[in-house]
Amino acid sequence: MKGILRLAAFALVLNARAEVVCALGQGASSYKPASDQRPSPDSMQLAGRVNAAMKAICADHCPTMALFRNPTAANMMLVAGSGDAKVVYSPQFLYAVDMAFGDEGVVGLMAHELGHALDDVGRATWVNRGWPPEVRADAWAGCILAYTDLGEGGLDRALSALAKYPSPAHPDWKVRLPALRAGYTHCGGAASKFDRRK
């Protein structure tokens with residue numbers, strides 16, 4: 001697949017300054033890049049949905065991305081360095097999210113991780129630069145979700161997964177939710193659909 005999210009079967013070579021930007025859960029220090037593997041077909045399909053949304057948002061200005069599964073990953077994480085970035089997920093974690101929240105839960109978490117990468121290249125006026133990086137990534141995730149066909153109840157499942165699996169650096173959900181709403185509504189999502197969830 002060409003474009004924004006390169007779903008690769010080969011190792012992405014990041015320079016020595018590569019760093020974990022966001023990890024949804026503890027254990028980022030146990031991550032071993034040498035254990036990166038080809039993503040599962042299911043995760044590639046879900047990443048394709050997120051990829052299509054990102055393409056609608058930033059067209060040719062999107063970051064170069066790769067997706068990998070890795071049993072040493074801290075749930076799901078974004079690793080970046082020298083203009084490249086990769087989303088790495090633990091297969092056990094992705095399975096648990098899918099069982100609890102369906103595909104939409106996985107899409108929501110991928111959208112947050114990719115929100116960090118969009119925040120690095122996008123300078124949208126609707127994103128409050130005074131927000132901490134995790135909240136700005138949530139705003140971008142809301143935008144990605146607005147461009148993704150989530151189906152009936154899908155937004156609720158995506159937001160529930162985001163609420164359940166924060167990174168240690170995330171602020172309280174009450175701080176995150178308005179940023180998700182801002183991104184969702186700014187990018188064409190119906191405010192009534194977002195606001196009806198309790």
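Is V121 buried, exposed or partly exposed? Select it and take a look. V121 counts as partly exposed, because its relative accessibility is 42%. Before you go on, keep in mind that you are looking at a predicted model.

**Stop 1: around V121**

V121 sits in helix α2. Now add H61 and P63 to your selection: leaving aside neighbours within four places in sequence, these are the residues that V121 contacts. H61 is 60 residues away from V121 along the chain, yet their C-alpha atoms are separated by 7.3 Å.

**Stop 2: the whole chain**

Zoom out and switch to a cartoon view. You should find 6 helices and 5 strands. Start at the N terminus and follow the elements in this order: β-β-α-β-β-β-α-α-α-α-α. The protein chain has 198 residues, and 51% of them are buried. What share of the contacts with a separation of 6 or more comes from residues 24 or more positions apart? That share is 70%, and you'll meet some long-range partners on the way.

**Stop 3: two helices that cross**

Colour helix α1 (residues 41-58) and helix α3 (residues 133-146). Two packed helices are described by the angle between their axes and the distance between the axes. Here the angle is about 105° and the axes are 8 Å apart. That makes α1 roughly perpendicular to α3, because angles from 65 to 115 degrees get that label.

Next, show the side chains where they meet. On the α1 side, pick V50, A53, M54 and I57; on the α3 side, pick W140, C143 and I144. What kinds of residue make up this contact: nonpolar, polar or charged? The split is 7 nonpolar, no polar and no charged.

**Stop 4: V107**

Go back to helix α2 and select V107, which lies in it. V107 counts as buried, because its relative accessibility is 0%. Now show what surrounds it. Leaving aside neighbours within four places in sequence, V107 is in contact with L46, R49, V50, L145, T148 and L150. You've seen V50 already, as one of the α1 residues that meet α3. L145 is 38 residues from V107 along the chain, and the two C-alpha atoms are separated by 8.1 Å.

**Stop 5: a cluster of rings**

How many aromatic pairs does the model have? The count is 3. Select F93 and Y165 to see one of them: the ring centres are 4.9 Å apart and the planes are at 85°, so this pair is edge-to-face. F93 belongs to helix α2 (residues 91-121), while Y165 is in the loop between α4 (154-164) and α5 (173-186), which puts them 72 residues apart. F93 is buried because its relative accessible area is 7%, and Y165 is buried too, with 16%.

Now add F101. Its ring and that of Y165 have their centres 6.4 Å apart and their planes at 90°, so this pair is edge-to-face as well. F101 lies in helix α2 and Y165 in the loop between α4 and α5, so the pair ties together parts that are 64 residues apart in sequence. Both F101 and Y165 are buried. Keep the three residues on screen together: ring pairs link F93, F101 and Y165 into a cluster.

**Stop 6: a lysine over a ring**

Select F68 and K86. Which residue lies over the face of the F68 ring? K86 does, at 5.3 Å from the ring centre.

**Stop 7: S35 and its partners**

Move to S35, in the loop between β2 (19-23) and α1. S35 counts as partly exposed, because its relative accessibility is 23%. Leaving aside neighbours within four places in sequence, S35 is in contact with R69, N70, P71 and T72. Try a distance line from S35 to N70: from C-alpha to C-alpha you should get 5.8 Å, although they are 35 residues apart in sequence.

**Stop 8: an unusual backbone**

Finish at N75, in the loop between β3 (64-69) and β4 (76-81). Most residues other than glycine have a negative phi. N75 is not a glycine, but its phi is positive, at about 60°. N75 counts as partly exposed because its relative accessible area is 23%.

How values were computed: Residues are numbered from 1 along each chain as its sequence is written. This is a predicted model: local features need pLDDT of at least 70, side-chain atom pairs count only at pLDDT 80 or more; totals for chains, interfaces and linings use all residues. Side-chain values use heavy atoms; hydrogens and water are left out. Axes are lines fitted to C-alpha atoms, for helices over the stretch in contact, and angles run from 0 to 180 degrees between N-to-C directions. Helices (H or I, at least four residues) and strands (E, at least two) are DSSP runs, numbered from the N terminus. Angles under 35 degrees count as roughly parallel, over 145 as roughly antiparallel, 65 to 115 as roughly perpendicular and the rest as oblique. Contact means heavy atoms within 4.5 Å. Ala, Val, Leu, Ile, Met, Phe, Trp, Tyr, Cys and Pro count as nonpolar, Asp, Glu, Lys and Arg as charged, and the others, Gly among them, as polar. Rings of Phe, Tyr and Trp (its six-membered ring) pair if their centres lie within 6.5 Å; planes under 30 degrees apart count as stacked, over 60 as edge-to-face and the rest as tilted. Buried means under 20% relative accessible area, exposed over 50%, partly exposed in between (1.4 Å probe, protein chains only). A charge sits over a ring if NZ of Lys or CZ of Arg is within 6 Å of the ring centre and within 35 degrees of the ring normal.
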